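The following exercises are to be worked through with the sequence and the model at hand. Each task is followed by a solution in steps.

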Amino acid sequence: MQTEDFYLHRVGDVSLPIRYDSIHAVKGQTHAATMVVETFARPHDLKELLPVLTATQHASQMRDSA
């Protein structure tokens with residue numbers, strides 16, 4: 001299956017389908033891994049999220065950047 005939201009990575013006889021979507025679209029779904037990709041269109045939010053993602057800071061301690 002090759003659509004705009006999918007990339008099929010192949011190495012030899014092994015294929016790995018990768019689906020591109022927003023974090024919001026996969027909320028509540030079970031999946032093996034999440035890869036977060038940032039663009040340069042907005043500030044680099046992952047740098048601020050890293051403490052929460054690594055469980056060294058609770059999300060409630062983050063400042064509101066909106």
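**Exercise 1. Describe the hairpin and the pairing of its strands.**

Solution. Step 1: E1 and E2 form a hairpin with two residues between them; in the turn, Gly12 has a positive phi of about 60°. The model is predicted, so local features need a pLDDT of at least 70 and side-chain atom pairs count only at pLDDT 80 or more, whereas totals for chains, interfaces and linings use all residues. Residues are numbered from 1 along each chain as its sequence is written, and side-chain values use heavy atoms, with hydrogens and water left out.

Step 2: Strand E2 covers residues 14–19 and runs antiparallel to E1, to which six bridges join it. Two strands pair if DSSP finds at least two bridges between them.

Step 3: Within this pairing, Arg10 stands opposite Ser15 in E2.

**Exercise 2. Place the hairpin in the order of elements.**

Solution. Step 1: The protein has one helix and two strands, where helices (H or I, at least four residues) and strands (E, at least two) are DSSP runs numbered from the N terminus.

Step 2: From the N terminus on, the order is β-β-α.

Step 3: Asp21 lies in the loop between E2 and H1. Its C-alpha atom is separated by 9.0 Å from that of Phe6, 15 residues apart along the chain.

**Exercise 3. Determine how Tyr7 and Asp21 are exposed, and what surrounds Tyr7 on the surface.**

Solution. Step 1: Buried means under 20% relative accessible area, exposed over 50%, and partly exposed in between (1.4 Å probe, protein chains only).

Step 2: Tyr7 is in strand E1 (residues 6–11) and is partly exposed, because its relative accessible area is 39%. Asp21 is also partly exposed, with a value of 46%.

Step 3: Tyr7, Tyr20, Met35 and Val37 form a nonpolar patch on the surface, with about 450 Å² of accessible area together.

Step 4: Of the 66 residues of the protein, 2% count as buried.

**Exercise 4. Decide how far the model may be read.**

Solution. Step 1: pLDDT is the predictor's confidence in each residue, from 0 to 100. The protein averages 78, and 85% of the residues score at least 70.

Step 2: Among the elements, E1 has the highest mean pLDDT (90) and helix H1 (residues 45–53) the lowest (77).

Step 3: Where pLDDT is low, the predicted coordinates should not be read in detail.

Key
Patch = residues over 30% accessible without salt bridge, like charges linked within 9 Å, V, L, I, M, F, W, Y side chains within 5 Å. Areas by Shrake-Rupley, 256 points an atom, 1.4 Å probe, with all protein chains shown as cover. Salt bridge = Lys/Arg side-chain N within 4 Å of Asp/Glu carboxyl O.
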